[in-house]
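User: I have a structure open and would like to know how its labels are justified. Please take me through the reasoning.

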Amino acid sequence: MSSLKLPSVYKLIELESCCSTNDEARKLANLDEQSYPDGTLIWAREQTAGRGRLGRVWDSPLGNLYLSLILRPEVPLRTASQLSFVAALALFDALGNISDPGHQIKLKWPNDVLLQDKKVAGILLESQTDRTEKPTWVILGIGVNVAYFPKNTVFPATSLFAENWRVSVEATLQAFAKSFQIWANSWAEDGFEKIRLTWLQRALGLGQTIEVNLENITLRGIFKDLDQHGALILDRNGTEQRITAGEIYFPDN
Ligand code: BT5
């Protein structure tokens, strides 16, 4: 066990190893709400079956940060999905707070964090709803490449260590927990607009030509905006297209 201190809104569960902290969180969230309330944070030193979005593998050896937060927001699912942008802002601040000056941190739609234009952290939001509109839980999975990153990825990846940034997993976790509390409060009290605008200020490629890979087609256009539901607005020769899922690339970079 570590001697980690987190703000009291979190209930920390530490694991040496697990399959996926999101799967562990899902199990606990379904057990009972009293024992695993909003703010339960599952942290594992390594994962044997870490997951990215769309069934992708998330490499999870010892040395990186892997955590999942159980959240129980009293809002419709569509609103709850804004939490991935809340988490992206928290990661941005957390890394900014523990970094040496001179490192460039940016956000990449929908919710990646880039360091020196390479992916250093990813977010996986999962939820479960019952018959009401509201989710019974939302699980926010966060992976930060502290010491290790995979080579040969389509979009380049990096780690904090690879950018000569020596920081511990514990310090990264502590910084994230602190920043997430601040942004989650802002979201709960003032809604999405401030989150949306701040996210846009920190996004890579806004106003520039980007490529969006959809399942069967690649679209090219100008990255114009983020709408109130977190969709990317792509301007294609004056016609605006709303993109809700896909991978973006920056051809001019
Ligand atoms: C994500 O997926 O970015 C979400 C990653 C969430 C991981 C956390 S760890 C704690 C929690 N438990 C889990 O099981 N998952 C969550 P996606 O957008 O699909 O990005 C995957 C892509 O990111 C890969 O195809 C690589 O290009 C790149 N990448 C960068 N670092 C990586 C790493 N450590 N492992 C795998 N892919 C990485």
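User: Why are α3 and α5 called oblique to each other?

Analyst: In this predicted model, the axes of helix α3 (residues 83-98) and helix α5 (residues 193-202) cross at roughly 50°. Angles under 35 degrees count as roughly parallel, and 65 to 115 as roughly perpendicular. An angle of roughly 50° fits neither class, so the two helices are oblique. The axes come within 10 Å, and the crossing is left-handed.

User: What makes up the contact between α3 and α5?

Analyst: From α3 come F85, V86, A88, L89, F92 and D93, and from α5 come I195, T198, W199 and R202. By class, this contact has seven nonpolar, one polar and two charged residues. Contact here means heavy atoms within 4.5 Å.

User: Why does L114 count as buried?

Analyst: The cut-off for buried is under 20% relative accessible area. L114 has 0% relative accessibility, so it counts as buried. L114 is found in strand β5 (residues 112-115).

User: What is L114 in contact with, leaving aside its neighbours within four places in sequence?

Analyst: L114 is in contact with Q104, I105, K106, K108, K119, V120, F155 and L204. A separate value concerns S159, 45 residues apart from L114 along the chain: the C-alpha atoms of the two are separated by 9.8 Å.

User: Why do β1 and β4 stand at the edges of their sheet?

Analyst: Seven strands form an open sheet in the order β1-β2-β3-β7-β6-β5-β4, with mixed pairing. β1 (11-18) and β4 (105-108) each have a single partner strand, so one side of each is left without a neighbour in the sheet. On average, neighbouring strands of this sheet are turned by 20° against each other, direction ignored.

User: How do you know that β6 and β7 pair?

Analyst: Two strands pair if there are at least two bridges between them. Nine bridges join strand β6 (residues 118-129) to strand β7 (residues 135-144), so the condition is met. The two strands run antiparallel, and L125 stands opposite L140 in β7.

User: What is the strand order in the sheet of five strands?

Analyst: The order is β11-β10-β9-β8-β12, in an open sheet with antiparallel pairing. β11 and β12 (247-249) are the edge strands, each pairing on one side only. The twist averages 45° from one strand to the next.

User: How many bridges support the pairing of β8 with β12?

Analyst: Strand β8 (residues 209-213) and β12 pair over three bridges, in the antiparallel sense. At least two are needed, so three are enough. E211 stands opposite Y249 in β12.

User: What makes β10 mostly covered?

Analyst: Strand β10 (residues 232-236) has four of its five residues buried.

User: Which strands pair with β10, and over how many bridges?

Analyst: Four bridges join strand β9 (residues 218-226) to β10, and five bridges join β10 to strand β11 (residues 239-243). Both pairs run antiparallel. D235 in β10 stands opposite I222, and D235 also stands opposite E240 in β11.

User: Which residues in the two hairpins take a positive phi?

Analyst: In the hairpin of β9 and β10, with five residues between the strands, G230 takes a positive phi near 90°. The hairpin of β10 and β11 has two residues between the strands, and N237 in the turn has a positive phi of about 50°.

Terms used
Residues are numbered from 1 along each chain as its sequence is written. This is a predicted model: local features need pLDDT of at least 70, side-chain atom pairs count only at pLDDT 80 or more; totals for chains, interfaces and linings use all residues. Side-chain values use heavy atoms; hydrogens and water are left out. Axes are lines fitted to C-alpha atoms, for helices over the stretch in contact, and angles run from 0 to 180 degrees between N-to-C directions. Angles under 35 degrees count as roughly parallel, over 145 as roughly antiparallel, 65 to 115 as roughly perpendicular and the rest as oblique. A crossing is left-handed if the near helix is turned anticlockwise from the far one by less than a right angle, and right-handed if clockwise. Ala, Val, Leu, Ile, Met, Phe, Trp, Tyr, Cys and Pro count as nonpolar, Asp, Glu, Lys and Arg as charged, and the others, Gly among them, as polar. Buried means under 20% relative accessible area, exposed over 50%, partly exposed in between (1.4 Å probe, protein chains only).
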